[in-house]
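Work through the exercises below with the coordinates open. Each one sets a task and then solves it in steps.

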Amino acid sequence: MSLSQTTRMNGNMFHQRRPSLTTVCPPPDKRKSFDLNKRRGSNQYALKTNRKSWVNKIFDMPVIQLVGWTYVVICFCLSTIHLIGSFSLLDPNAVKGVKIDWDKILTEKQQETPWSQLDEILPETRLSKMFSKSIVNNGFIRPYWFTASIKPPKETLTLTTVVELRDLEHLIQLAQMYEGPISATLLVPSTENINQELSIQQLTDIRNEYETTIALKRHVDIHLVLQPGGLTENEQVIATGGYQEARNLARLFSRTNYVALVPVTTLWMTDIAQSFKSHQHLLQAGDLLIIPTFGFPNYEGVDTKAWPIDKQSMIEWVEGGDMGLLDYNYELNNGPTSYSTWKDAKEPYLVPNYDYNYSPIYISTKLNHPWCEERFEDHLSSCVYNAYLAGANLWVSNTDFAVRTGQEPADTLYTPQQRKIQNKIARKYRIEQCVFYARQFDQYGTFNSEKAEHVKQECSKALLSLQKEKMISNIIAAEEAQY
């Protein structure tokens, strides 16, 4: 048979080539793919075509399109509003006319929070964490060594005070007079070995006194501070200081939102636990409420066992020379509280002439105020000074007052050397705090605000005083050089 053959089929002639390897078994890349599902007559293809057509018809319906576009527009609007709100929270000044009081928000959040994991931590552990770098001997501090049996409401007023062993009787009198919450820091000098019998006996006597006195058990929280080395084996007390730290501890561990810094030797006070409530708006604004203190003339034989208990009677006693407005470091009736202003005042008034040495009894909120400076041993005026520079106004109560003997010293410093060192530190501290708060106000852009007025006034006074001291020292040095 030849290479090609001719075949007749159904009367038609056609030519057929001999099969070859390329035509019978083509290479893989030359093969035509064939999918049975793509055949027009297959059922699966028809099903898919019908399904697509129904989906397209549904999405082509106007109602469905309207619902979809409405959903997209609403989501876009909500996202935009949320984004703008987030930026306004990050920057309180981002939205014009809107100012957020972050201190108020944080305070409200704290009050609304009924429980915290910190509540289960022992006070000693919490104290060591909070002041790990400032309190070196925190092992000798026992917060809530004794806790009052009556739990005070948060909105009541707590008296904070510092007590030494010789002042226990005064603490009992204060608790009986006030009949309200008191947070007292007890300073107990001990021998170097706190486990010595003498130190243990002291603590035992204090415990017996507390447990047998009803007023103490009901109202007074006592926070113990041991002072190793403050007591010799011959029972001689050595000056140890620590009053500033003790004031901070009493305030820190008070259980109410308002505190009054009151000396334990205070004889009597008006009912400040009730009257301060009418001035809470001043305290919540960051200001201090001053309680005027009256005392007896400082001379031998003066009777300190009777005193007036209302304002009109007190005015009569002062006019008669039997008592006077007592601002320590000043003469009677001549201190910054201003007796002449208090006598005629019908409402609280601002301290007319504030001075750096001013150290009154005052009421404040527990939080949002500077703490007493602990570089001093006993310097109450620095506590007021910090708050004053921070922007607090000093309002004097026109109806309330406290009574003290006026015979006690202004501080508890034992030796002239201690007082000399503290006065030297105070002069530098005054300038330092002026610079610190001036810089703070400048960084926050509030140096030209009303809150910074105290810094401007006090810094000018401090700098003027410093210039006078330098001039005097230069004159003295020149005179000594001549001789």
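The exercises concern a predicted model and go from a sheet and the cores to cysteines, aromatic pairs and backbone angles.

**Exercise 1. A mixed sheet**

Determine the strand order of the open sheet formed by 4 strands, and find its edges.

Solution.
- Step 1. Following the pairing across the sheet gives the order 8-15-10-11, with mixed pairing.
- Step 2. Strand 8 (268–269) and strand 11 (324–325) each pair on one side only, which makes them the edge strands.
- Step 3. Inside the sheet, strand 10 (residues 293–295) and strand 15 (residues 402–403) run parallel and are joined by 2 bridges.
- Step 4. F294 stands opposite V403 of strand 15.

**Exercise 2. The largest nonpolar core**

Find which residues of the largest nonpolar core touch the most other members, and which elements supply the core.

Solution.
- Step 1. The core has 44 residues, and the members with the most contacts to other members are F294, M314, W342, Y354 and L394.
- Step 2. Elements that each supply at least two residues include strand 9 (288–291), helix 12 (311–319), helix 15 (416–443) and helix 16 (453–482).
- Step 3. Helix 14 gives the largest share, 7 residues.
- Step 4. Apart from this core lies another, of 36 residues, with Y178, V188, V262 and I361 among them.
- Step 5. As background, nonpolar side chains in soluble globular proteins tend to be buried together.
- Step 6. Take W342 from step 1 and list its contacts, leaving out residues up to four places away in sequence: among them are P292, F294, M314, I315, V396 and F401.
- Step 7. An aromatic cluster is made up of W268, F294, W342 and F401.

**Exercise 3. Bonded and unbonded cysteines**

Decide which cysteines the disulfide joins, and which parts of the chain it ties together.

Solution.
- Step 1. The structure holds 1 disulfide.
- Step 2. The disulfide is between C372 and C383, with the sulfur atoms 2.0 Å apart.
- Step 3. The angle about the S-S bond is 125 degrees, and the link is right-handed.
- Step 4. C372 sits in the loop between strand 13 (361–365) and helix 14, while C383 is in helix 14, so the bond ties together parts 11 residues apart in sequence.
- Step 5. Both ends fall under the 20% cut-off for buried residues: C372 has a relative accessible area of 8%, and C383 one of 3%.
- Step 6. For contrast, take C75, which is in no disulfide. The closest cysteine sulfur to that of C77 is in C75, at 9.4 Å, which is too far for a bond.
- Step 7. C75 is partly exposed at 31% relative accessibility, and C77 is partly exposed at 39%.

**Exercise 4. A buried threonine**

Locate T161 and describe its surroundings.

Solution.
- Step 1. T161 belongs to strand 4 (residues 157–164).
- Step 2. Its relative accessibility of 3% makes T161 buried.
- Step 3. A polar atom of the T161 side chain is 2.9 Å from the backbone oxygen of V262.
- Step 4. Not counting residues up to four places away in sequence, T161 touches L171, I182, A250 and V264, among others.

**Exercise 5. Two aromatic pairs**

Classify the pair F146 and Y210 and the pair F436 and Y437 as stacked or edge-to-face.

Solution.
- Step 1. The whole structure holds 14 aromatic pairs.
- Step 2. F146 and Y210 have 10 degrees between their planes and 4.4 Å between centres, and are stacked.
- Step 3. F146 is in strand 3 (residues 141–146) and Y210 in helix 7 (residues 197–211), 64 residues apart, so the pair links distant parts of the chain.
- Step 4. Both F146 and Y210 are buried.
- Step 5. F436 and Y437 have 80 degrees between their planes and 5.0 Å between centres, and are edge-to-face.
- Step 6. F436 is partly exposed at 41% relative accessibility, whereas Y437 is buried at 11%.

**Exercise 6. Positive phi**

Find where E179 and N368 lie, and state the phi of E179 and of N368.

Solution.
- Step 1. E179, a residue other than glycine, has a positive phi near 55 degrees.
- Step 2. E179 lies in the loop between helix 6 (168–178) and strand 5 (182–190), and is exposed at 59%.
- Step 3. N368 is not a glycine either, and has a positive phi of about 65 degrees.
- Step 4. N368 lies in the loop between strand 13 and helix 14, and is exposed at 58%.

Terms used. Residues are numbered from 1 along each chain as its sequence is written. This is a predicted model: local features need pLDDT of at least 70, side-chain atom pairs count only at pLDDT 80 or more; totals for chains, interfaces and linings use all residues. Side-chain values use heavy atoms; hydrogens and water are left out. Two strands pair if DSSP finds at least two bridges between them. A nonpolar core is a set of buried Ala, Val, Leu, Ile, Met, Phe, Trp, Tyr and Cys residues joined through side-chain atoms within 4.5 Å. Buried means under 20% relative accessible area, exposed over 50%, partly exposed in between (1.4 Å probe, protein chains only). Contact means heavy atoms within 4.5 Å. A disulfide is a pair of cysteine sulfur atoms within 2.5 Å. A polar contact is a pair of N or O atoms within 3.5 Å; within protein, one must be able to donate a hydrogen and the other to accept it, and residues adjacent in sequence count only if both atoms are side-chain atoms. Rings of Phe, Tyr and Trp (its six-membered ring) pair if their centres lie within 6.5 Å; planes under 30 degrees apart count as stacked, over 60 as edge-to-face and the rest as tilted.
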